[in-house]
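The exercises below ask for careful reading of a three-dimensional model, and each is followed by a worked solution. Please look at the sequence and the structure before turning to the solutions.

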Amino acid sequence: MSQADPEVLDEVVRLRAELDDANYRYYVLDEPRLTDADYDRRLRRLQVLEEANPELVTADSPTQRVGAAPDAGFPEVAHAVPMLSLDNAFSEEEVKAFVRRVADRLEAHGEPLAFCCEPKLDGAAVSLVYEHGELVAGVTRGDGRTGEGITSNLRTLRSIPLRLRGDDPPALLEVRGEVIISHAGFEALNDRAREEDTKVFANPRNAAAGSLRQLDPRVTATRPLEFSAYQVARIEPEQGDASHSQLMARLGDFGFRTSQELAVVEGAEGIIDYCRALGEKRDRLGYDIDGVVIKVDDLRLQRELGFVARAPRWATSFKFPAQEETTRLNDVEFQVGRTGAITPVARLEPVSVAGVTVSNATLHNADEIARLDVRIGDTVAIRRAGDVIPKVVRVLEERRPVDAETIVFPEHCPACGSQIEHLEGEVVARCSGGLFCPAQRKEALKHFASRRALDIDGLGEKLIEALVEREWVITPADLFRLEAQRLAELPRMGTKSSENLVAALDKAKRTTLARFIFALGIREVGETTAANLARHFGSLEALMAADVAALESVDDVGPIVAAHVHTFFRQPHNRETIEDLLACGLSWQEETIGERPQPLAGQSWVLTGTLESMTRDEGKARLQALGAKVAGSVSKKTACVVAGDAAGSKREKAEQMGVPVIDEDELLGRLAEWEKGESDS
Ligand SMILES: NC(=O)c1ccc[n+]([C@@H]2O[C@H](COP(=O)([O-])OP(=O)(O)OC[C@H]3O[C@@H](n4cnc5c(N)ncnc54)[C@H](O)[C@@H]3O)[C@@H](O)[C@H]2O)c1
Ligand SMILES: [Zn+2]
């Protein structure tokens, strides 16, 4: 050590300490602080320094060791065959150098060498031991020589056979593979964790490793873990397989899942083509991979090549660009979605993540900002995997500048200035601007014109989009000011259809209070709630003036709906839009105030088949107005089934259960009577 430059020695000592700490956090705590990219750069740097100064190499240097010592919670199990690491190739040049090294050692110049290529799954490595076909042990990699016995946890994975398939299993089989969590499984797991306020994982690898090392196997059983086999460590007696790829096929026969992407290729060219093709496919695989594992296929040649301290000589891994990188959070913007949801979006110092430049990432919602404790100016870790939007997964607190700014969730919508609602028990904050908010305009108008709302014939989605994009329609009241002549200028709109639309708009002005309330698109106010509100308050003025307590006294209206309705009518923009609509001539008959007779209260009705005189929705609304609940399926509790034309299984079921069935004529007769009785009272 004496000859080395003291500065180099300092750096080596510092790198080792950092890497040891990173290994502990990664392998034992499953909570890394460094990104893999940062870790790999440090390890690379240490390797370079040690190669230039061989006298500095120590046996316990992170360049010489694998993983980390097992954690105390589990029994220590020694590996009969060590579980090693893999060398890395970070470029196509390094892949060629690997192939050259192998050829040199084997003195196999000129002959094409066969390599087996597979995705390098990013999860946790485990080893499974089978005796006479029976799973007897499952162990983590640990430090490569000793791992943690986690057999009970591994038994909960459906993709791990508890018994090998086939009549004549080998006396001994030790299989190695990766336990992973797919992107879909990972999102679902974290969604659940956020809901239940438990640990949210930064990436699928940490989630997989953390889930495997649960002290309670019942917890492991609830995690979406999958096992994919990639290596045979021991098989006795030998089955006569000559290559790695043949062994993989045999594992398939035993009942293991192996990679579907596995392929045998020739020479450096073949490897490079494979790596490029898999790189292209990476985003569509549905699980994380961090590269390609390249193995000499011939088992005899593998034995001839042997091992060095940390890794086999017959294999290497080609590393893909990392899926996590760090960068600076420059600002946070709040975006308004089509339904008013407010999403905080991180504006980042552009950074290349897994081959794509990322300058925005989602921060989900206010809870996530609080959970991450992220501030403007922070250095953050960004993850981009598959086709999921990039996310901020972690803050590097130790790099927080003194002037980092707290993120303030706005109180007013950035698109329209309306109040943002952040309701207790709901994670998503929303703009209450509804009809007025430009971000929500198209959706609001589609809803406004829809069949169950104002039912404007001929005003479809495409037309609404064209009208909004031209800014001919900003609020729904503008619809009623459209002129046929102007409409005819739109693509695919002739004179006739323009005139029809104007006529339909005119017709739609005559509506009901219930439809009008529904058409406003107040959050969580569906058809039934709108009808209840109309019936209860009798007039729009009364509804708009109602306080939260009055609203909560309406049938089926709880505190959340009451709050939505109340806030909606407090927004000046919404009040203006409503006045404007009334000025355009929208009208309805005032509903009679007060309790109305509800002859069908407490009854459940079912409508099936086609009605002639009205749509099923109309029939439903009329029955509901009389107090009935209209259900989708027949049960013993059904009071009556209305069977229209071509009524099928529901009618049969009703008849079998002895539930009364009536036809359309009878329904019309009864409705007429009930509705008359109602207006008489
Ligand atoms: N962020 C951190 O702080 C931190 C700390 C330690 C390690 N790491 C990361 O871990 C990796 C290095 O760790 P390592 O030694 O566990 O792995 P490695 O890169 O040396 O590769 C060996 C591992 O590859 C896996 N593997 C996946 N598919 C395989 C296949 N088809 N055939 C054979 N093996 C396959 C196995 O789990 C095996 O243990 C690096 O990517 C590094 O960035 C990160
Ligand atoms: Zn808004």
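**Exercise 1.** Determine in which element Lys319 lies, whether its side chain counts as buried or exposed, and which residues it touches.

*Solution.* The model is a predicted one, and the starting point is the place of Lys319, which is in strand β11, residues 315-319. The next step is accessibility: Lys319 has a relative accessible area of 15%, and because buried means under 20%, Lys319 is classed as buried. Finally, when residues up to four places away in sequence are not counted, Lys319 touches Asp40, Asn88, Ala89, Phe90, Lys120, Asp290 and Gly291.

**Exercise 2.** Lys319 belongs to a set of positions that a UniProt record marks as "binding site"; work out why these positions do not all gather at one spot, and then describe Ser85, another member of the set.

*Solution.* According to the unreviewed UniProt entry, the feature "binding site" is placed at Asp36, Ala37, Asp38, Tyr39, Asp40, Ser85, Leu86, Glu118, Arg141, Glu178, Lys295 and Lys319. These positions span 284 residues in sequence and their farthest two C-alpha atoms are 26.2 Å apart, so they do not all gather at one spot. From this set, Glu118 is taken in by the lining of the second largest cavity. Turning to Ser85, its place is in the loop between β1 (76-78) and β2 (88-89), and its relative accessibility of 13% makes it count as buried. Apart from neighbours within four places in sequence, Ser85 is in contact with Val66, Arg141, Arg310, Ala311 and Pro312, and Arg141 is itself listed under "binding site" in the record.

**Exercise 3.** Classify the ring pairs Phe98 with Phe115 and Phe334 with Phe409, and locate their members along the chain.

*Solution.* A pair of aromatic rings is described by the distance of the centres and the angle of the planes. The structure holds 10 aromatic pairs. In one of them, Phe98 and Phe115 have ring centres 6.0 Å apart and planes at 55°, so this pair is tilted. It links distant parts of the chain, since Phe98 is in helix α3 (residues 92-106) and Phe115 in strand β3 (residues 114-121), 17 residues apart; both Phe98 and Phe115 are buried. For Phe334 and Phe409, the centre-to-centre distance is 4.9 Å and the angle between the planes is 70°, which makes the pair edge-to-face. Because Phe334 lies in strand β12 (residues 324-336) and Phe409 in the loop between β18 (405-406) and β19 (420-421), this pair ties together parts that are 75 residues apart in sequence.

**Exercise 4.** Compare the settings of the salt bridges Glu148 with Arg213 and Glu666 with Arg670.

*Solution.* Side chains of opposite charge can pair when their charged atoms come close. The structure holds 49 salt bridges. The side chains of Glu148 and Arg213 meet at 3.0 Å, N to O; Glu148 lies in strand β6 (residues 146-148) and Arg213 in the loop between α6 (204-212) and α7 (217-221), so the pair ties together parts 65 residues apart in sequence. Both Glu148 and Arg213 are buried, and they belong to a network of salt bridges with Asp30 and Arg205. Arg205 also has its charged end over the ring of Tyr26, 3.7 Å from the ring centre. In the other bridge, Glu666 and Arg670 meet at 3.0 Å, N to O; being four residues apart in helix α25 (residues 664-680), they are separated by about one helical turn. Glu666, at 38% relative accessible area, is partly exposed, and Arg670, at 31%, likewise counts as partly exposed.

Key:
Residues are numbered from 1 along each chain as its sequence is written. Chains are lettered from A and ligands numbered from 1 in the order in which they are written. This is a predicted model: local features need pLDDT of at least 70, side-chain atom pairs count only at pLDDT 80 or more; totals for chains, interfaces and linings use all residues. Side-chain values use heavy atoms; hydrogens and water are left out. Rings of Phe, Tyr and Trp (its six-membered ring) pair if their centres lie within 6.5 Å; planes under 30 degrees apart count as stacked, over 60 as edge-to-face and the rest as tilted. Helices (H or I, at least four residues) and strands (E, at least two) are DSSP runs, numbered from the N terminus. Buried means under 20% relative accessible area, exposed over 50%, partly exposed in between (1.4 Å probe, protein chains only). A charge sits over a ring if NZ of Lys or CZ of Arg is within 6 Å of the ring centre and within 35 degrees of the ring normal. UniProt positions are given in the numbering used here, feature names are shortened, and annotations may be inferred rather than shown by experiment. On a 1 Å grid over the protein atoms alone, a cavity is a set of points where a 1.4 Å probe fits but cannot get out, and a pocket is an open set with protein on both sides within 12 Å along at least five of seven lines; lining residues have an atom within 4 Å of a point. Contact means heavy atoms within 4.5 Å. A salt bridge is a side-chain nitrogen of Lys or Arg within 4 Å of a carboxyl oxygen of Asp or Glu.
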